[in-house]
Amino acid sequence: MSGEFQDHQIRDKIGINYKYTMGGQSKFFIELMNNKKILGTKCKKCGKVWMPPRINCSDCYEDTDWVEIKQTGTIQVSTIVWYTTSAFIQAVPYGIAFIKLDGTHTAFNQGIFSENLVPSKVKKGQRVRAVFQKEREGKMTDFFFVPEGEYERWISKPEYEGGV
Ligand SMILES: [Zn+2]
């Protein structure tokens, strides 16, 4: 024996069932799941429309009101994903982008899918529209975005639930 420490490692798994709350942002996820609506919040003082929604305005610290947001928007910045976690591996390659939905003042990160995923379809300035999963759980993965010109073809697929 050399006297050097050698640890012994065993690979194992721990299964945990748990719940977590969306707290004050629960309304966003409930409306997404039940009604295919995208809600943001509007500051009662300065009128800034936040998406993702914020319970308080981060600019002036005032309360906000829930407002329904249009489901169309414009890509601000984007990339194409080739490496991801097990939850999304089946979808590779796909786009992700910061999208500014029409009528909002902030952008949020969401998946972009395209029938022909090339950089020219997932780039700054591209107009996109939300498509909703038929089976929704009140998660961000309940919806994604597609280039506006592909919208009608995406919503006609059986795994996605028609237009709004
Ligand atoms: Zn404000």
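Two strands pair if DSSP finds at least two bridges between them. Helices (H or I, at least four residues) and strands (E, at least two) are DSSP runs, numbered from the N terminus. The model described here is predicted: local features need pLDDT of at least 70, side-chain atom pairs count only at pLDDT 80 or more, and totals for chains, interfaces and linings use all residues. Residues are numbered from 1 along each chain as its sequence is written, and side-chain values use heavy atoms, with hydrogens and water left out.

## The three-stranded sheet

Three strands form an open sheet in the order β2-β1-β3, and the pairing is antiparallel. The edges belong to β2 (49-50) and β3 (64-69); each has a single partner strand, so one side of each is left without a neighbour in the sheet.

Strand β1 covers residues 38-43 and is joined to β3 by six bridges, the two running antiparallel. Two of the β1 residues show the register. G40 has V67 of β3 as its bridge partner. K42 has D65 of β3. On the other side, β1 and β2 pair in the antiparallel sense over two bridges. There T41 is partnered by W50 of β2. Strands of a sheet pair through backbone hydrogen bonds, either parallel or antiparallel.

β1 and β2 also make a hairpin, with five residues between them. G47 sits in the turn and has a positive phi of about 80°.

How far is β1 enclosed by the rest of the structure? Five of its six residues are buried (under 20% relative accessible area with a 1.4 Å probe, protein chains only; exposed is over 50%, partly exposed in between). β1 is therefore largely enclosed.

Helix α1 (residues 26-35) lies across β1 and β3. The helix runs at about 150° to β1; axes are lines fitted to C-alpha atoms, for helices over the stretch in contact, and angles run from 0 to 180 degrees between N-to-C directions.

## The zinc site

Which residues coordinate the zinc ion? The donors are the SG atoms of C43, C46, C57 and C60, at 2.2 to 2.4 Å. Donors are N, O and S atoms within 2.8 Å of the metal (3.2 Å for Na, K and Ca); water is not among the atoms, so sites may look incomplete. Around the zinc ion the four donor atoms subtend angles of 97 to 125°, which makes the arrangement tetrahedral (four donors with all angles between 85 and 135 degrees).

In sequence the donor residues are spaced C-x2-C-x10-C-x2-C. C43 and C60 link distant parts of the chain: C43 is in strand β1, C60 is in the loop between β2 and β3, and they are 17 residues apart.

## Nonpolar cores

A nonpolar core is a set of buried Ala, Val, Leu, Ile, Met, Phe, Trp, Tyr and Cys residues joined through side-chain atoms within 4.5 Å. The largest one has 20 residues. Those with the most contacts inside it are F28, I38, I99, L101, I112, F143 and F145. At least two core residues come from each of α1, β1, β5 (94-101), β6 (108-112), β7 (127-132) and β8 (143-147).

I99 touches G73, T74, I75, T106, A107, F108, Q110, I112, V128 and F145, leaving aside residues up to four places away in sequence. Contact means heavy atoms within 4.5 Å.

A second core is separate and has seven residues, including V131, W154, I155 and Y160.

## Loops and backbone details

Two peptide bonds are cis. One runs from M51 to P52, with omega near 10°. P52 lies in the loop between β2 and β3. Another runs from V92 to P93, with omega near -5°. P93 lies in the loop between β4 and β5.

Phi is positive in K36, near 55°, and K36 is not glycine. Y61 is likewise a residue other than glycine with positive phi, near 65°. K36 is in the loop between α1 and β1, and Y61 is in the loop between β2 and β3.

S86 is placed in the loop between β4 (72-81) and β5. Its C-alpha atom is separated by 40 Å from that of G3, 83 residues apart along the chain.

Accessibility for four residues is set out here.

| Residue | Relative accessibility | Class |
|---|---|---|
| C43 | 4% | buried |
| K36 | 9% | buried |
| Y61 | 67% | exposed |
| S86 | 69% | exposed |

Methods. Tetrahedral: all angles 85-135°; square planar, octahedral: opposite > 155°, others 65-115°.
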